[in-house]
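Here's a quick briefing to read with the model open beside you. It goes topic by topic, so feel free to jump around.

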Amino acid sequence: MANNNNNRKAPKFNMYWMYALVTIFLVTMYVMNMDGGVAQEVSWTQFGNIVQKGGVKSITVYSNKNLAEAVLTDSLAKEVIKDQPAQTQPFGNKTATTAKISAQIPSSDKFEDNVKLWREQGVFKGEVKYDQASDFSMVFWTFGPIILLVGLWFLMFRRMNGGAGGGGGIFSVGKSKARLFDKDNANKVTFQDVAGLAEAKVEIAEIVDFLKNPKHYTELGGKIPKGALLVGPPGTGKTLLAKAVAGEADVPFFSMSGSDFVEMFVGVGASRVRDLFRQAKEKAPCIVFIDEIDAVGRARGNKANLGGNDERESTLNQLLTEMDGFGSNSGVIILAATNRADILDKALLRAGRFDRQIYVELPELNDRKEIFQVHLRNVKTDGSVDLDLLSRQTPGFSGADIANVCNEAALIAARHKKQAVQRQDFMDAIDRIVGGLEKRSKVITEEERRSIAVHEAGHATVSWHLRYGDPLIKVTIVPRGKALGAAWYMPEERQIEPKQALLDKICSLMAGRVAEDMFLGFIDTGALNDLERATKIAYAMVTYYGMSDKLPNISYYDTSGEAYGFTKPYSENRAQAIDEEVQSIIDSQYERARQILTQYKQGHHELADLLQQREVIYTEDAERIFGPRQWKSRTEEIVKNAGASASAASQEDGNAGDGGNVSTTPPPFEQENNNKEEV
């Protein structure tokens, strides 16, 4: 029992306690002032005149102070106190019910003679009391308000200084805002909660081993790494991976954002850095995690300070000193995360501060499957959900995107009053996230529907007959988001792209504009997104990848991220040659798409008519019209089965022929948007 009492935390001061003290003080003032408050002091002559007028009810004599205090009658009270402000009660605006006067008397004996005289004259018939005056009342009324103000000031000072009042203030602005996740924290994260990232976990697992068994490395002469920088796109799990390191190592974990160091006050950031490392040393061995470190670690000297003190640079200098200065940070490992490693200061990235840079990339196929398994732990699904299909239909998705897909699918299933989340719900969730919400209410004329159908059928026809064309999943002319129509593909996940694959992509992008020109006799604004993407690919081929015939093996890509400022790294003649080469690539692929559409003109018309009639077509429809593709890919069979299942489901629901709400399965970043509104 004694240990429990010692471990019991002392109650924290609450501001409501001060409110209670003020209330008690006011109540005390009210009780002491119930009889009318402090008497008005008059001269002895005025006192006698008032008694002669018969305006006194009773008299109290304080012999130790030779003071007489009289209670006035109601009729005379107004006349006596008319020249002074009315006394008010503490809890209202009602004036005092009694009025008093007081005067210094010569002595108690002489005052008794005056009382006898007044009684004989009949001007005073009240009671006379003799008492001893107390100094407490005068002291209370004189110094009570001052003491209360001093107490309030002292309390506010303590709160501002981060004392017993709670959350700090202006005097604690230099304190670190890092949140501490102790090793006894109930919400501990381990590597089991981090799906995928196999290579990153292997590399960062060594840090865990360093913290668990430091002697094993120091005995051999090795030094524990001081820091590791997690670099990767947003949503890939950098913060989660850092928490898993702390959970696995079973050590305290300080978490702080880079923006928490930056304040408008000079020196605050550096002070917070010092306070953070002071706390970390007290908890060593521990991990300090700085999220979005680019907010404070941006490269110095790029812009002038305009003669002022750059608070961010002073904060960075203090961080550099703490990480690898004269001081020792034994047992403190720094983890930081950023998706802008190219803009970080070189001094921050050198060995001795961040000894390792761990790249956390977008998840691959197997990683996405593991991530789906983690996020589906708490989702009630049925046997129709195919994780392999879901992972293949979400290329380019980060871990956060996959979590969003699972949550959106559960919401869709709940909206339709289902008992479990089905495969179709996941398909609808992917459509919703990538393409946006379907807009069946958007008014589209019949001419526009025909133009969109011809455009999308052109993409599908050309892509079907290209070697590196991505496997078609479906084509739709149902408006979704800003797009009036879209062709969805399942791209091959290649590590490198051959030149012919880029040319085939440009050719399939230009196919929509070619189909409009050939079969409608006019072109419209629907190819904006296609032309933009094709132009970017062509410029990348010429200026980055050195894939041009006239300008081979030259790259103007800058990996440092500093670019070339306001100057071009080539002459005006070279710029003209680049423009001509890009135009030549686009023109050649435009003609190539025209030749393919001319050869398969009949199949294109059938596809466009079917698309205009049903508003959506699948892989099996294209295979029935054009036959099997000549070049099979590893995902071809999956796409075919997925398209057949989706088509069968839509026919069972009665949506295939009446233009109903048919689910799509779009992978990200590979949409062919027929956008008539985007500028």
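Phe 47 is well tucked away in this predicted model: its relative accessibility is 0%, so it counts as buried. Its ring pairs with that of Trp 118, with the centres 6.5 Å apart and the planes at 45°, so we call the pair tilted. Trp 118 is buried as well, with a relative accessible area of 4%.

**Aromatic pairs**

- The Phe 47–Trp 118 pair links distant parts of the chain, since Phe 47 sits in helix α3 (residues 44–52) and Trp 118 in helix α5 (residues 108–121), 71 residues apart.
- Phe 47 and Trp 118 also belong to a cluster joined by ring pairs, along with Trp 44 and Phe 111.
- How many aromatic pairs are there? The count comes to ten.
- Another of these pairs is Phe 253 with Phe 289: the ring centres are 6.0 Å apart and the planes are at 20°, which is under the 30 degrees cut-off, so this one is stacked.
- Phe 253 lies in strand β8 (residues 253–257) and Phe 289 in strand β9 (residues 286–291), so the pair ties together parts that are 36 residues apart in sequence.
- Both of these rings belong to buried residues: Phe 253 has 2% relative accessibility, and Phe 289 has 0%.

**The largest nonpolar core**

- As a general point, nonpolar side chains in soluble globular proteins tend to be buried together.
- Here, the largest nonpolar core has 47 residues.
- Which members touch the most others? They are Val 462, Leu 472, Val 475, Ile 506, Met 541, Ile 585 and Leu 607.
- Elements that each supply at least two residues of this core include helices α17 (446–464), α18 (499–519) and α21 (601–614), plus strands β12 (472–476) and β13 (486–489).
- Helices α19, α20 and α22 (619–626) also each supply at least two.
- The largest share comes from α18, with nine residues.
- Take Ile 585 as a close-up: leaving out residues up to four places away in sequence, it touches Leu 503, Ile 506, Ala 538, Met 541 and Val 542.

**A buried threonine**

- Thr 461 lies in helix α17.
- Is Thr 461 buried or exposed? Its relative accessibility is 0%, so it counts as buried.
- Not counting residues up to four places away in sequence, Thr 461 touches Leu 597, Tyr 600, His 604, Leu 607 and Phe 626.
- One of those contacts, Leu 607, is among the core members that touch the most others.

**A tyrosine patch on the surface**

- Which residues make the nonpolar surface patch of about 370 Å²? Tyr 544, Tyr 545 and Tyr 557 do.
- Tyr 544 is found in the loop between α19 (528–543) and α20 (572–599).
- With a relative accessible area of 39%, Tyr 544 is partly exposed, because that value falls between the 20% limit for buried and the 50% limit for exposed.

**The whole chain**

- The protein has 23 helices and 15 strands.
- Of its 679 residues, 46% count as buried.
- About 35,900 Å² is exposed, and carbon and sulfur atoms supply 52% of that area.
- If you look at contacts between residues at least 6 apart in sequence, 78% of them join residues at least 24 apart.

Note on methods:
Residues are numbered from 1 along each chain as its sequence is written. This is a predicted model: local features need pLDDT of at least 70, side-chain atom pairs count only at pLDDT 80 or more; totals for chains, interfaces and linings use all residues. Side-chain values use heavy atoms; hydrogens and water are left out. Patches are made of residues with over 30% relative accessible area and no salt bridge: like charges are joined within 9 Å, nonpolar side chains (Val, Leu, Ile, Met, Phe, Trp, Tyr) within 5 Å. Accessible areas come from the Shrake-Rupley method with a 1.4 Å probe; for residues, only the protein chains shown count as cover. A salt bridge is a side-chain nitrogen of Lys or Arg within 4 Å of a carboxyl oxygen of Asp or Glu. Helices (H or I, at least four residues) and strands (E, at least two) are DSSP runs, numbered from the N terminus. Buried means under 20% relative accessible area, exposed over 50%, partly exposed in between (1.4 Å probe, protein chains only). Rings of Phe, Tyr and Trp (its six-membered ring) pair if their centres lie within 6.5 Å; planes under 30 degrees apart count as stacked, over 60 as edge-to-face and the rest as tilted. Contact means heavy atoms within 4.5 Å. A nonpolar core is a set of buried Ala, Val, Leu, Ile, Met, Phe, Trp, Tyr and Cys residues joined through side-chain atoms within 4.5 Å.
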